[in-house]
Amino acid sequence: MESRVATRTKFTDNRRVRVKVPASTANLGPGFDSLGMALSLYAWIEMSESRTGETVFRFYGDGMEGLPADKSNLLYKVAQLVFDQAGVNVPELEIAMYSDIPLARGLGSSATAIIAALVAANALIGSPLSDDDLFQLATKLEGHPDNVGASLFGGIVVAAWDGEAAHYARIEPNAKLETLVAIPAFELATEKARHALPSQLAMADAVYNVGRSSLLVAALAGGELGLIRHAMKDRLHQPYRAPLIPGMTEILERATEFGALGSALSGAGPTLIAFVDADSPSKAELEKFLQDTMRKEGIEAETLWLGPCSSGPKVLVEKWDDLSAEADRTLPERIKGELAL
Ligand code: HSE
């Protein structure tokens, strides 16, 4: 008991931290495992050292009730990685999480959870690790840097990872850029969508993707939105994943006819994402096209207009001593004004 109190005083300083993290779309078509963009859809985590001496989880949000509520939980394990790397000992935690990001739909929910836990744990002990330290840890955990980079740094992130070190450059999203996502009602595990990919690729297809991905990065960096329709094309992963998502081929082929700047599979899917000029007069037609196309295939899908999110995690550090008045309020009650769905 005594040592627990001493640990808290020394490392977590009676803090509770709340972190808000953006969702992300990965690949942006040709940039498989290397391009990502943060989106204006969020998850929140709260973390503190446990006041009872036992680890406690509180989950809020669709599908989260099934998550493990013991020390096998990803959030707990990720937090412990931070403490280990920083050389501190905070074994018992209180963790609450609320998310508006649908699970297993290609909007980076797992990357968001990893970033949320890394940033919260780091803030809890006074932020000894740098953002780059967190990026390296997150990339190793996720296995690719695109979603985690976007959620950690905000905006558009161009990243490369060789299994050892991840490097990235960030692009500020153009102010006119908006997105429309069509989120199918069914889940698609990233693992399954990665298994659909071939292990070898023809040189012509590799060259095709290098050209498109490079052009896309230049177009996004230079605000040349008219180039997106030529650049947002892919022969590396989308054609192999299309059979898993009814309606995908038609949407990717025809979205520009309905005013989209370009369209792509969001991450590993099944969500489809259209990039749109925020001032476009055809937004309603585009939304109808996406909904009708999925419905024709018997797929229920929710459409959502999302902006790029320019910033990474927002961190609030509070002291338990100052929080007694809100002890009975849940995390969703505390963030009510910020929720999207
Ligand atoms: N780049 C990853 C993929 C994103 O396409 O599999 C999904 O997590």
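Which residue just after helix 5 takes a positive phi? The residue is G154, with a phi of about 75°. The legends below begin with the whole chain and then turn to single sites.

The model shown is predicted: local features need pLDDT of at least 70, side-chain atom pairs count only at pLDDT 80 or more, and totals for chains, interfaces and linings use all residues. Residues are numbered from 1 along each chain as its sequence is written, and side-chain values use heavy atoms, with hydrogens and water left out.

**Figure 1. Overview of the chain, with 12 helices and 11 strands.** Helices (H or I, at least four residues) and strands (E, at least two) are DSSP runs numbered from the N terminus. The C-alpha trace spans about 65 × 40 × 35 Å along its principal axes. The radius of gyration is 21 Å, which agrees with the value near 20 Å for a compact globule of 341 residues; this radius is taken over C-alpha atoms, and the globule rule is 2.2 Å times the number of residues to the power 0.38. Of the 341 residues, 54% count as buried, where buried means under 20% relative accessible area, exposed over 50%, and partly exposed in between (1.4 Å probe, protein chains only). Among contacts between residues at least 6 apart in sequence, 75% join residues at least 24 apart; a contact means heavy atoms within 4.5 Å. The chain exposes about 14,500 Å², of which carbon and sulfur atoms supply 51%. These accessible areas come from the Shrake-Rupley method with a 1.4 Å probe.

**Figure 2. Close-up of helix 5, residues 146-153.** Eight of the eight residues of this helix are buried. They are D146, N147, V148, G149, A150, S151, L152 and F153. These buried residues pack against strand 1, strand 2 (35-49), helix 3 and helix 4, and also against strand 5 (156-161) and strand 6 (166-171). G154 follows just after the helix, with its positive phi of about 75°.

**Figure 3. Surroundings of T25 in strand 1, residues 15-26.** T25 counts as buried because its relative accessibility is 0%. Its side chain makes a polar contact of 2.7 Å with the side chain of S266. A polar contact is a pair of N or O atoms within 3.5 Å; within protein, one must be able to donate a hydrogen and the other to accept it, and residues adjacent in sequence count only if both atoms are side-chain atoms. Residues up to four places away in sequence not counted, T25 touches L35, G36, M37, L39, N147, S266, G267, I273 and F275.

**Figure 4. The cis peptide bond from G269 to P270.** Omega of this bond is near 10°. P270 is found in the loop that lies between strand 8 (262-265) and strand 9 (272-277). Most peptide bonds are trans.

**Figure 5. Positive phi at N14 and at S127.** Most residues other than glycine have a negative phi. N14, which is not a glycine, has a positive phi of about 65°. N14 lies in the loop between helix 1 (2-12) and strand 1, and it is buried, with a relative accessible area of 18%. S127 has a phi near 55° and is placed in the loop between helix 3 (109-124) and helix 4 (131-142). At 44% relative accessibility, S127 counts as partly exposed. S127 is also one of the contacts of N122, a residue of helix 3. N122 counts as buried, at 4% relative accessibility. Its neighbours within four places in sequence left aside, N122 is in contact with V82, P128, L129 and L134 as well as S127.

**Figure 6. M97 in strand 4, residues 93-99.** M97 counts as buried because its relative accessibility is 5%. Apart from residues up to four places away in sequence, M97 touches a set of residues including A43, W44, I45, R58, F59, Y60 and L331. M97 and A116 are 19 residues apart along the chain, and their C-alpha atoms are separated by 9.2 Å.

**Figure 7. V315 in strand 11, residues 314-319.** V315 counts as partly exposed, at 42% relative accessibility. Residues up to four places away in sequence not counted, V315 touches R18, V19, V119 and A123. V315 and I45 are 270 residues apart in sequence, with a C-alpha to C-alpha separation of 9.8 Å in space.
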